[in-house]
Every structure is written in C-alpha cells, then in structure tokens.
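Subject: Structure handover and notes

Dear colleague,

Please find the structure below. My notes on it follow, for you to check against the coordinates.

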Amino acid sequence: MAFRRRAKSYPLFSQEFLIHNHADIGFCLVLCVLIALMFEVTAKTAFLFILPQYNISVLTADAEIVHYHYGLKDLVTILFYIFIAIVLHAVVQEYALDKINRRLHLSKIKHSKFNESGQLVAFHLTSMAWCFYVVVTEGYLSNPRSLWENYPHVYLPFQVKFFYLCQLAYWLHALPELYFQKVRKEEIPRQLQYISLYLVHIAGAYLFNLTRLGLILLLLQYVAEFLFHMARLFYFTDENNEKLFNAWAVVFVVTRLFTLTLSVLVIGFGLARVENQVFDPEKGNFNTLLFRMSMLLLLCLSQAWMMWRFIHFQLRRWREYWNEQSARKRVAATVITKQQSKPVKRESGYHENGIVKAENGTSPRTKKLKSP
C-alpha cells in the first residue's frame, strides 16, 4: 500500500527515501506484527505490541474485573502505536488534506499551517469523543470525589490505560513527523513547545497515578484546541471568517479557569485530606506536601504561560485589525480628496451673468425643437 505515488526513485534508506516513504515503512511494520498473531510461536511476542500489559484480576461481588498498572513493557506497546499514528497521519494527509489544498491553492506558509491544523482537528475530535466516553462510563463526572479518593489509583481499567498509551504514542509520533513533513525551521520551536507540554503533562498524570484528574483536564484542553484549529481552517478558506476565533477565545479563558480551579480542588484540598500521605514509589504513592506543591506549581506555570501566549495572540490580532481599518480609511480619504481637487470642465467661451457667451461675444444660437 503506497500512500504517495512518485515517479522518482531514491536509494534504499537514504534521507529522501525515508521522508517520502516513512508511512509505507510504518504500514509494513504494523502488518508484520499483525501477521505474527497468526502463528503460535510469535503470537505471544506480538501481543506485547498490541495489548496493554501488567493485567491483574480483582474479584468483586459481581464478577472478576481485570485492571492494569504501568511498567517498562508499556514502551513496546507505545512504539507499536507510534507506527499506527504515522500510518493514520499519512491517510488523513493523502485522502483529505491534500485534496482540499488542491482546491484552495494556498501559499506555502498557509499550506503548512493548514496541514497542521487539519491533522490536529482530526486528532482532537477523536480524542475529545473518546475521553468524554471514558469519563462518563467510569463515573468521574457523576462522582467528582472519585478524582482523589482512594489515591493512589495504581490499578486502571483497560480503556483508561489504553487511552493514555495512545495519547503518548500520538505526541511521540509528532516529533519525527516534524522531519518527515519538512516543517519550516521557523515553525519547529513553536511546535516543539506544545508537543513537549502535552508529553510532560500526560506522562506525569500517568506515572504519578493522577490519571482521573488528567482525563478531565485533557477533555477541557482538547475542546479549546479543537475550536482553535477549526477557526484556523475556516480562516484559511476565507480570511474574512473570524467569528469562530471569538468563540474560541471565550472557551479558552473558561478552560483555563476550570483547569486551575479543578487542580487546586483535587491536588490542594482533596489529596491533602487523604489519610495515606507517605512517599512510597513502590506502591505508587506520591502524596506528600512537596509533591502536591510541585504539581500545582507546574500546572499554574503552564496555564500562566498559555494565558500569556493567548493575550499576545489577541493583541496581535487587534493590532492587525486596527492597522487594516486605518489603511482603509486612508485609502477612502485619498479617493475623496482626489475627487474634490479634480478640475471641473467648463464649456468653450466665457460666462457672463450665468450665460455662456461665444468666443466672439455673441450668445450661442438656441436649437430649434423638432415637433414630434
């Protein structure tokens, strides 16, 4: 299965070959793992790549429930889903974004930003729906006290652990995509910033057993990011369409307030009332005063940084808007001035008492009206 058809051929595993065929390589590796499931000798190894590991059966009054915890084998699963993310990235690019770009005829800068926002819209929409389903089915919204009660939350349901593994795989796959997609050097620092922020927060929630709080915060963040990248897509299709940016601005500010409020409520007050407050990494317990203060400081700094970027972005938009309005007013004033200063054409001869005289001083003859 080739995602990109090109007439040129490149040396095997050269730089050009990897850039133009990375999706095909990823697809082949994924296919090899899936084929390994068909044979008994290799099936056990293949399951390490596909399914989450470290499962534990817990007996309840109703039935036997399987929970999971994290370990080093998760890196193998994340590696497999990195290749899955590369393949899906190529599918969205090839069969959706490239076709739209051909119709829009965007410039190179807008073309790169359109591809970035298009990929993130597809990802944020999928993650938002998936995260909302997990939060509702696990009862985290209906019972907010479950966000801190019975901490540490070492044992996770299957869908919670699988969600975190896929999230880590996607944001890790975004790092090599900067190279494969030939992102401009000016854009790389900005993209590295938000990729690193996502990886730090998601990995922190997963490793420090704050997965329940992390799900709620990710859901809030993905709603705001989905609106932002949708607004960018509409703006690239029509530069006069900026109404969705206003909706995103309101949602962004509300999201920051909810994030800070919920973080203080869960970490600052909820975990502080939990009885077990002993630092015990082997049991997954990090609930100490230093840990809580560090987490709150990290969250507050990240939210403050995002608000600063948001204010800077809004000020730049307003400055561009007022500059555009001022330029239009200057153009309109120039046109009016030219019209007023334009000399009025006078009829031949000269005027005397409001009557046009001929050059010899006689009045022009009046034309006889023809009878109908």
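A salt bridge here is a side-chain nitrogen of Lys or Arg within 4 Å of a carboxyl oxygen of Asp or Glu. Before the findings, two points on how the values were made. This is a predicted model, in which local features need pLDDT of at least 70 and side-chain atom pairs count only at pLDDT 80 or more, while totals for chains, interfaces and linings use all residues. Residues are numbered from 1 along each chain as its sequence is written, and side-chain values use heavy atoms, with hydrogens and water left out.

Salt bridges

The search of the whole structure gives seven salt bridges. One of them joins arginine 190 to glutamate 116, with the closest N and O atoms 2.8 Å apart. Arginine 190 is in helix α6 (residues 188-207) and glutamate 116 is in helix α4, so this pair ties together parts that are 74 residues apart in sequence. Helices (H or I, at least four residues) and strands (E, at least two) are DSSP runs, numbered from the N terminus.

On burial, the cut-offs are under 20% relative accessible area for buried, over 50% for exposed, and partly exposed in between (1.4 Å probe, protein chains only). Glutamate 116 is buried at 10%, whereas arginine 190 is partly exposed at 26%.

Glutamate 186 pairs with arginine 184, and here the closest N and O atoms are 3.3 Å apart. Glutamate 186 is exposed, with a relative accessible area of 58%; arginine 184 is partly exposed at 28%. Both pairs belong to a network of salt bridges that links Glu116, Arg184, Glu186, Glu187, Arg190 and Arg232.

Arginine 145 and glutamate 149 also form a salt bridge, their closest N and O atoms being 3.0 Å apart. Arginine 145 has a relative accessible area of 48%, which makes this residue partly exposed, and glutamate 149 is partly exposed as well, at 30%.

Annotated transmembrane regions

The UniProt record, an unreviewed entry, carries the annotation "transmembrane region" for residues 78-97, 118-142, 192-209, 215-235, 247-269 and 289-311. UniProt positions are given in the numbering used here, feature names are shortened, and annotations may be inferred rather than shown by experiment. Two of these stretches can be set against the model. Residues 247-269 are 100% helix and 0% strand, with the end C-alpha atoms 32 Å apart. Residues 118-142 are 80% helix and 0% strand, and their end C-alpha atoms are 33 Å apart.

Two buried residues

Contact means heavy atoms within 4.5 Å. Isoleucine 50 lies in helix α2 (residues 40-50) and is buried, with a relative accessible area of 15%. Setting aside residues up to four places away in sequence, isoleucine 50 touches Val33, Leu34, Leu37, Thr77, Phe80, Tyr81 and Phe162. From isoleucine 50 to leucine 79 the C-alpha distance is 9.7 Å, with their positions 29 residues apart in sequence.

Glutamine 221 is in helix α7 (residues 211-237) and counts as buried at 11% relative accessibility. Outside its neighbours within four places in sequence, glutamine 221 is in contact with Tyr198, Thr255, Arg256 and Met306.

A surface patch

Leu31, Leu34, Ile35, Met38 and Phe39 make up a nonpolar patch on the surface, and together they have about 490 Å² of accessible area. Patches are made of residues with over 30% relative accessible area and no salt bridge, like charges being joined within 9 Å and nonpolar side chains (Val, Leu, Ile, Met, Phe, Trp, Tyr) within 5 Å. The areas come from the Shrake-Rupley method with a 1.4 Å probe, and for residues only the protein chains shown count as cover. Of the patch members, isoleucine 35 is in helix α1 (residues 15-36) and is partly exposed at 39%.

Backbone points to check

Which peptide bond is cis? The bond from tyrosine 151 to proline 152 is, with omega near 10 degrees. Proline 152 sits in the loop between α4 (108-137) and α5 (158-180).

Tyrosine 54 is not a glycine but has a positive phi, of about 65 degrees. Tyrosine 54 is in the loop between α2 and β1 (55-59) and is partly exposed at 24%. Histidine 105, also not a glycine, has a positive phi of about 55 degrees. Histidine 105 belongs to the loop between α3 (74-104) and α4 and is exposed, with a relative accessible area of 67%.

Regards
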